[in-house]
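Subject: The structure, and what turned up in it

Hello,

Here is the structure I promised to send over. Have a look at it first, and then read on for my notes.

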Amino acid sequence: DPSVVCLGEDIGAAEGVFKTTTGLFAEFGPERVWDTPISEQAIVGAAMGAAMTGLRPVAEIMFSDFFACCYDYLANEIPKVRYMTGGQVTVPLVVRTANGGGLGFGAQHSQAVENWVFTVPGLKIAAPSTPADVVGLMASAVRSDDPVIFFEHKGLFATKGETAPPNHVVPLGEASVVRPGDDVTLVALASTVPTALSAAEQLMGEEISVEVIDL
């Protein structure tokens, strides 16, 4: 889809600080994969303008903590356009970001900030827990005519899982039961899903049946 473009810091020739854009620049070139200055306002502002004029940008904010630097766009501008224009203008963009702590990245690079955007009307949120979910949820996010904030937990980047099947699309906004159970229900997202599954496995030894739901 030539309308889909990617933009962010070091996502081109450097292939992303977490190597999550490996191969994109080589395949699609600088017309579709844009390296940007170190300015979260510039990245998200450019993505908003691009989305309003026919493109489907996927913007990367390197660490979710720096949403604080572009929060006016995320809270006051992007999610309101479709409402304010009565649906005449949409903002079909994705903002993807590395999120979460526990890896020693420092105080300004280790927060989990889903709650910052969870309360903003007009924004959709995705927080995948498996490699296949990354593929399926990103497919849905890019197709969405509403803005989607895509949280990728840093602690999951090195994990492995089942390969996504061809044309894999996971609907936004639908939880899934990843483990059935009868006694206790654990609700989790992103990196807490494998933690919940591990706890459920341990409790099986005590004959406690645990249901795990992935948000």
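How many residues does helix 7 have, and how far does it reach from its first C-alpha to its last? Helix 7 covers residues 192–204, so to speak of its length is easy: 13 residues, reaching 18 Å, close to the 18 Å expected at 1.5 Å a residue. Please keep in mind that this is a predicted model.

**Helix 7 and the sheet beside it**

V193, A196 and A200 are the buried residues here. They cover an arc of only 60 degrees around the axis, which puts them on the same side of helix 7. In general, an α-helix has 3.6 residues a turn, so residues three or four places apart point the same way. The face of helix 7 turned away from that buried side carries T195 and Q202, which are exposed.

What do the buried residues of helix 7 pack against? Their partners are strand 7 (176–179), strand 8 (184–188) and strand 9 (210–214). These three strands form an open sheet with mixed pairing, in the order 7-9-8. Strand 7 and strand 8 stand at the edges with a single partner strand each, so one side of each has no neighbour in the sheet. On average, neighbouring strands of this sheet are turned by 30 degrees against each other, direction ignored. Strand 8 and strand 9 run parallel and are joined by five bridges. If you want a spot to find on screen, T185 stands opposite E211 in strand 9.

**The nonpolar cores**

The largest nonpolar core has 25 residues, and F67, L93 and I149 touch the most other members. Helix 2 (40–52), strand 3 (56–63), helix 3 (71–77) and strand 6 (148–153) are the elements that give two or more residues to this core. Helix 2 gives the most, with five residues.

F67 deserves a click of its own. Leaving aside its neighbours within four places in sequence, F67 is in contact with I61, L74, V95, T97, V113, W116, V117, I149 and F151. Apart from the largest core lies another one, of 14 residues, with V4, C6, V58 and M138 among them.

**Helix 2**

Back to helix 2 for a moment. At 1.5 Å a residue its 13 residues should span 18 Å, and its end C-alpha atoms are 18 Å apart, which agrees. Buried in helix 2 are E40, I43, V44, G45, A47, M48, A50 and A51. The buried residues of helix 2 pack against strand 1, strand 3, helix 3 and helix 4 (81–84). Just after helix 2 comes G54, with a positive phi of about 115 degrees.

**Two residues in a loop**

Which residues other than glycine have a positive phi in the loop between strand 1 and helix 1? One of them is E15, with phi near 65 degrees, and its place is in the loop between strand 1 (4–8) and helix 1 (24–28). Another is K19, not a glycine either, with a positive phi of about 60 degrees; K19 has its place in the loop between strand 1 and helix 1. Is E15 buried, exposed or partly exposed? E15 counts as partly exposed, because its relative accessibility is 24% and the partly exposed range lies between under 20% for buried and over 50% for exposed.

Happy browsing, and best wishes

How values were computed. Residues numbered from 1 in each chain as written. Predicted model: local features only at pLDDT ≥ 70, side-chain atom pairs only at ≥ 80, totals over all residues. Heavy atoms only, no water. Helix = DSSP H or I, 4+ residues; strand = E, 2+ residues; numbered from the N terminus. Expected span 1.5 Å × (residues − 1). Buried < 20%, exposed > 50% of the residue type's maximum accessible area, 1.4 Å probe, protein only. Arc of directions from axis to C-beta. Contact = heavy atoms within 4.5 Å. Pairing = 2+ DSSP bridges. Axes fitted to C-alpha atoms, helices over the stretch in contact; angles between N-to-C directions. Core = buried A, V, L, I, M, F, W, Y, C linked by side-chain atoms within 4.5 Å.
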